[in-house]
Amino acid sequence: MTATAIQSIDWDAFSSELSGIEKISDRAQVVKLSQDYYHFSPVLQPLLSDKIGDLVVRPASEAEVLRIAAACVKFKIPLTVRGAGTGNYGQCIPLKGGVILDTSKMNSIRWIKPGLACVEPGVKMSVFDKQARETGWELRMVPSTYRTATIGGFIGGGSGGIGSITYGQLRDRGNLHAVRVVTMEDEPRVMELRGDEVQKVNHAYGTNGIITELEIPLAPAYPWAEIIVAFDDFMTSANFGQALGDADGIIKKLICVCAWPIPAYFAAFRDAIPEGKHCALLMVAESCLEPLQDLVREYGGTICYQKNAQAASKGAAIAEFTWNHTTLHARSADPSLTYLQTLFPADKGLKLIEELYNYYGDEVMMHLEFLRMNGRAIAAALQIVRYTTESRLNEIIRYHEEQGAFIANPHTYILEDGGMKSINVEQLQFKELVDPYGLLNPGKMRAWLELERD
């Protein structure tokens with residue numbers, strides 16, 4: 001059930017099977033297309049820096065994907081699917097070399113209807129939204145990398161983002177309606193998964209099927225105003241974020257709260273955010289600005305930056321300073337910084353956040369993102385960590401878990417060890433069915449690795 005050694009493959013014979021399909025063998029290009037943003041993690045850097053594919057293929061259609069899958073199965077070559085490579089923990093890095101399937105040419109928007117769309121996986125989120133907004137709709141949630149990220153890549157390796165305060169996370173029922181996937185059997189075929197069946201491949205890093213088409217739900221496209229609110233006290237800013245998340249009558253897309261000194265890393269807003277202030281970065285429907293101002297007053301905040309939707313379409317976008325772009329900006333100033341991803345139990349919430357904020361001080365700088373989970377607004381965190389050693393990082397993770405926080409560990413490339421912390425039997429069984437030789441993104445699914453050992 002394991003792949004043939006790469007060095008024994010007849011690459012000329014393999015390539016001849018793919019005549020008419022774009023192939024890239026230039027070493028510099030292959031190296032570039034073997035990377036993502038795993039360097040956010042000092043733990044992953046030495047583990048992944050030398051992992052490079054042997055050949056990149058760029059199919060333009062599902063039919064070409066079927067041909068590529070058949071050739072990889074015939075020659076027992078590992079295949080790793082790539083979107084735009086904007087992930088942060090090695091989701092699309094080829095651990096075993098082989099073929100990288102770049103989906104960028106599969107970028108057709110099939111159709112857009114009220115509340116629903118059908119797209120190919122390589123469609124860029126920003127391109128899609130521009131077209132969808134002409135019909136009054138937009139994507140429900142996007143990562144901070146939305147300008148370059150693809151829809152297929154987000155489904156394969158993402159979990160939530162800007163918009164999650166209203167629509168929850170990708171894994172929530174209703175946030176992905178259907179997918180078409182190509183299998184890696186002796187005779188590859190196309191399967192359509194609908195409804196709950198989509199969870200077999202949702203956030204599976206492309207380990208158990210090549211997504212070739214998706215049906216995704218949409219959200220009403222409001223004119224989004226961008227606002228930054230400054231606060232003297234961090235916990236006041238956190239409580240404001242929670243109150244805004246709980247304010248059902250205020251339409252919002254983003255609530256990001258950053259403790260000082262994180263705002264100091266935001267060069268574009270250096271003149272707007274006062275020195276030493278904690279801040280909330282917001283996207284709120286223009287029609288809701290008046291009630292928002294009342295809430296800001298209630299919590300003693302000061303609006304230090306505001307753009308209407310038309311002005312926000314130009315210049316620095318607030319969304320690109322939130323979620324993991326917060327980490328990106330911090331690391332641009334200090335590359336030794338890294339981050340954590342944390343969920344807090346509903347019964348402790350802001351109380352535990354306050355305890356951890358006071359306990360760690362500037363070693364673990366608090367960065368909150370509010371999202372909807374099980375029908376209520378909660379604060380999750382992507383804390384900025386002053387990294388010293390791996391053992392200290394593990395100690396910080398362990399302490400958080402001992403206090404009842406859940407860490408989705410961004411310092412591992414293993415699917416289950418990052419977020420789920422348990423075997424997803426449904427995804428494993430689906431992989432056994434559609435990828436019997438274990439050729440899809442090998443080395444990323446712990447359940448399969450354990451199965452191979454047995």
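**Around His400 and its sheets**

Student: In this predicted model, which residues is His400 in contact with, leaving aside its neighbours within four places in sequence?
Tutor: Contact here means heavy atoms within 4.5 Å. With those neighbours set aside, the list for His400 reads Leu340, Thr342, Leu356, Tyr360, Gln383, Ala405 and Ile407.

Student: What pLDDT do side-chain atom pairs need to count?
Tutor: Residues are numbered from 1 along each chain as its sequence is written, and side-chain values use heavy atoms, with hydrogens and water left out. The model is predicted, totals for chains, interfaces and linings use all residues, local features need pLDDT of at least 70, and side-chain atom pairs count only at pLDDT 80 or more.

Student: Is His400 buried or exposed?
Tutor: His400 sits in helix α13, a DSSP run of H or I with at least four residues. Its relative accessibility is 0%, and the cut-offs are under 20% for buried and over 50% for exposed, with a 1.4 Å probe and protein chains only. So His400 counts as buried.

Student: How does α12 run relative to α13?
Tutor: The axes of α12 (residues 349-360) and α13 (residues 390-402) come within 12 Å and cross at roughly 150 degrees. Axes are lines fitted to C-alpha atoms over the stretch in contact, with angles from 0 to 180 degrees between N-to-C directions; over 145 counts as roughly antiparallel. So α12 is, relative to α13, roughly antiparallel.

Student: Which residues of α12 and α13 make that contact?
Tutor: From α13 come Arg392, Glu395, Ile396, Tyr399 and His400. The α12 side supplies Leu356, Tyr359 and Tyr360.

Student: Which strands stand at the edges of the three-stranded sheet?
Tutor: This open sheet has the order β15-β20-β17 with antiparallel pairing; strands are DSSP runs of E, at least two residues, and a pair needs at least two bridges. Each edge strand has a single partner, so one side of each is left without a neighbour in the sheet. Those edge strands are β15 (337-339) and β17 (364-365).

Student: What stands opposite Thr338 in β20?
Tutor: β15 pairs with β20 (residues 384-386) in the antiparallel sense over three bridges. Helix α11 (residues 324-333) lies across β15 and β20, at about 170 degrees to β15. Opposite Thr338 in β20 is Val385.

Student: And in the eight-stranded sheet, which residue of β19 is the bridge partner of Phe370?
Tutor: That open, antiparallel sheet is ordered β14-β11-β13-β12-β18-β19-β16-β21. Within it, β18 (residues 367-373) and β19 (residues 376-381) pair over six bridges. The β19 partner of Phe370 is Ala379.

Notes:
Parallel < 35°, antiparallel > 145°, perpendicular 65-115°, else oblique.
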